[in-house]
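Grab a coffee and load the coordinates into your favourite viewer. Below are some short exercises, each with a solution worked out step by step.

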Amino acid sequence: MAISLQPGVKLTVIPTEKFKTVRLFVRFSTKHQKAVASKRALLTNLLETNSFNYPTQTKLSEKLADLYGASFGLNVSKKGNIHQVNLMMNLVNGKYINEQDIFAESIKFIQEILFHPNIKEGAFDQETFQREKENMMDYLESIKEDKQTLAALRLQELYFTEDIDQKTPSFGTKEDLNSLSAYDLVQTYHEMMTQDQIDIFVVGDIEEKKVKETIQSLPFSPRSSLQTEIFYKQELKTEVQSEVLYEPVVQAKLNLAYQTSIYYNDQRRFSLLVFNGLFGGFPHSKLFINVREKASLAYYASSMFDSFRGIVTVQTGIDSKDRRRVISLVEEQLESLKSGNFTESELQQTKVMLKNQFLLSLDSSRGLIETAYLKQWFSIVQDEKEFEQKIMAVSKEDVKKVAADLQLQAIFTIDKEVAHE
């Protein structure tokens, strides 16, 4: 259960003897907007690199070494309409090395990073800012070389045609990044620290009372809880959006996006999980077996879904000449599921694999944190037993209904030449 430390600041302690380490996770959440995505992404790089009292990466690394080799980092992510800045720290559990103060020392380190950034005269350290801005620009430039990632991002742009925020990834854009100054980031930093909803998680063999007492030393100010609706929903388009990007590629990329009315807080989500496993989520799925294996029309073929934005996507790597055949064959697999053309054995195999996948996620501190985070928003599943019950209760008819609910909305292709039609 979450403990309120301040209005808008919550702590969740997850006691477990599964790990010899303690994982600390701090999440800052606000509404996702194109205007601030690049700023928040670059800010994480600045905070991760140094601080006022650890002004170089070397000094910061030396401090982590003093904390028995603790690891630490920040990143950005997005869930529906929400943009998240995540701080992670892994440290050895002091009880196993007879160092009871290591958790408190680690919280002091986090306080240094968050509350004493390397800001001088109203701007982030210019040398650090310029270096990290260039590094991030290099990363954004490199995306165009990763054709699979590029295709996924461009499909997203095509699907969310009318919403500039949803078209923008969590790390922003090159254009927005290019215009930023070391002064801009100071305002972004202060907004994050004073206005974002904060969720803190601590996982490990540690006492809740001790954790609360130590975490309370972090001087977070009261703020409003996040009011943004987490789910993004858009109107169904009457025409399928299609776009082809011509690049010097050996292997063409063909990605499709379908709209679904099923969201995370919907009991049908369990049927969506089973559907996706049968459609393209596992090695025994229809896309893998029929498109990749039997027809040999794809180097890879899979599906995934985002139940915070109501979208199911298909990813394939193909030969350019087979584009039209692959689109047709993917649609055939969906029609096959609509008709209930799958065996009881395939249905049960999918359920077992989903159950095992869920159990495996609970064997990682990251999985435990994400599960606890979502429980604060929704109470669909309380534990692994209830998850198993809901998955095993999914029927063939339930899967057919999910398949029938999908509506093709966008097709994006990276091709080396004019597509063969």
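**Exercise 1. Placing Asn81**

Where is the place of Asn81? Work out its setting, and then list its polar partners.

Solution. Keep in mind throughout that this is a predicted model.

- Step 1: Asn81 sits in the loop that runs between strand E4 (71-79) and E5.
- Step 2: check the exposure. Asn81 has 15% relative accessibility, and buried means under 20%, so Asn81 counts as buried.
- Step 3: look for polar partners. The side chain of Asn81 has a polar contact of 3.2 Å with the side chain of Gln166. A polar atom of the Asn81 side chain also lies 2.7 Å from the backbone oxygen of Phe231.
- Step 4: widen the view. Leaving aside neighbours within four places in sequence, the contacts of Asn81 include Thr30, Lys31 and His32, along with Thr228, Glu229, Ile230 and Tyr232.

**Exercise 2. A histidine in strand E5**

Is His83 buried or exposed? Find what its side chain pairs with.

Solution.

- Step 1: His83 belongs to strand E5.
- Step 2: its relative accessibility is 1%, so His83 goes down as buried.
- Step 3: the His83 side chain makes a polar contact of 2.9 Å with the side chain of Arg40. Another polar atom pair links the His83 side chain to the backbone oxygen of Ser170, at 2.8 Å.
- Step 4: not counting residues up to four places away in sequence, His83 touches Phe28, Ser29 and Ala37, among others. Thr30, Lys31 and His32 are on the contact list of His83, and they turn up on that of Asn81 too.

**Exercise 3. Following the salt bridges**

Which residues meet Glu141 in salt bridges? Trace them, then see what else the charged side chains do.

Solution.

- Step 1: start with the total, which comes to 23 salt bridges.
- Step 2: Glu141 pairs with Lys144, with the closest N and O atoms 3.3 Å apart.
- Step 3: Glu141 also meets Lys174 in a salt bridge of 3.4 Å, N to O. Glu141 lies in helix H4 (residues 126-142) and Lys174 in helix H7 (residues 174-178), so this pair ties together parts that are 33 residues apart in sequence.
- Step 4: add the exposure. Glu141 is partly exposed at 31%, Lys144 is partly exposed at 40%, and Lys174 is partly exposed at 28%.
- Step 5: move on to Arg268, which bridges to Asp266 with the closest N and O atoms 2.8 Å apart. Arg268 is partly exposed, at 35% relative accessibility.
- Step 6: Arg27, Lys79 and Glu370 are joined into one network by salt bridges that share partners.

**Exercise 4. Into the cores**

Which residues have the most contacts inside the largest nonpolar core? Say which helix supplies the largest share of this core.

Solution.

- Step 1: the largest nonpolar core has 62 residues, and Tyr258 and Phe275 have the most contacts inside it.
- Step 2: helix H10 (residues 269-281) gives this core its largest share, 7 residues.
- Step 3: another core lies apart from it, with 57 residues, including Leu42, Ala123, Ile198 and Ile215.
- Step 4: go back to Tyr258. Leaving aside neighbours within four places in sequence, Tyr258 is in contact with Tyr159, Ile311, Val312, Val330, Leu334, Leu406 and Leu408, among others. Gly310, Glu331, Gln407 and Gln409 are also on the Tyr258 list.

**Exercise 5. Reading Ser302**

What does Ser302 contact beyond its neighbours within four places in sequence?

Solution.

- Step 1: Ser302 is in strand E11 (residues 300-306), and it is partly exposed at 25%.
- Step 2: its contacts are Gly280, Leu287, Thr313, Val314 and Gln315. Val314 is also in contact with Tyr258.
- Step 3: for a distance check, take Ile262, 40 residues away along the chain; its C-alpha atom is separated from that of Ser302 by 19 Å.

**Exercise 6. A patch on the outside**

Which residues form a nonpolar patch on the surface?

Solution.

- Step 1: the patch is formed by Tyr68, Tyr96 and Ile97, with about 280 Å² of accessible area together.
- Step 2: place Tyr96, which falls in the loop between strand E5 (82-92) and helix H3 (102-115).
- Step 3: Tyr96 has 37% relative accessibility, so it counts as partly exposed.

Technical notes:
Residues numbered from 1 in each chain as written. Predicted model: local features only at pLDDT ≥ 70, side-chain atom pairs only at ≥ 80, totals over all residues. Heavy atoms only, no water. Patch = residues over 30% accessible without salt bridge, like charges linked within 9 Å, V, L, I, M, F, W, Y side chains within 5 Å. Areas by Shrake-Rupley, 256 points an atom, 1.4 Å probe, with all protein chains shown as cover. Salt bridge = Lys/Arg side-chain N within 4 Å of Asp/Glu carboxyl O. Helix = DSSP H or I, 4+ residues; strand = E, 2+ residues; numbered from the N terminus. Buried < 20%, exposed > 50% of the residue type's maximum accessible area, 1.4 Å probe, protein only. Contact = heavy atoms within 4.5 Å. Core = buried A, V, L, I, M, F, W, Y, C linked by side-chain atoms within 4.5 Å. Polar contact = N/O pair within 3.5 Å; in protein donor to acceptor, adjacent residues only side chain to side chain.
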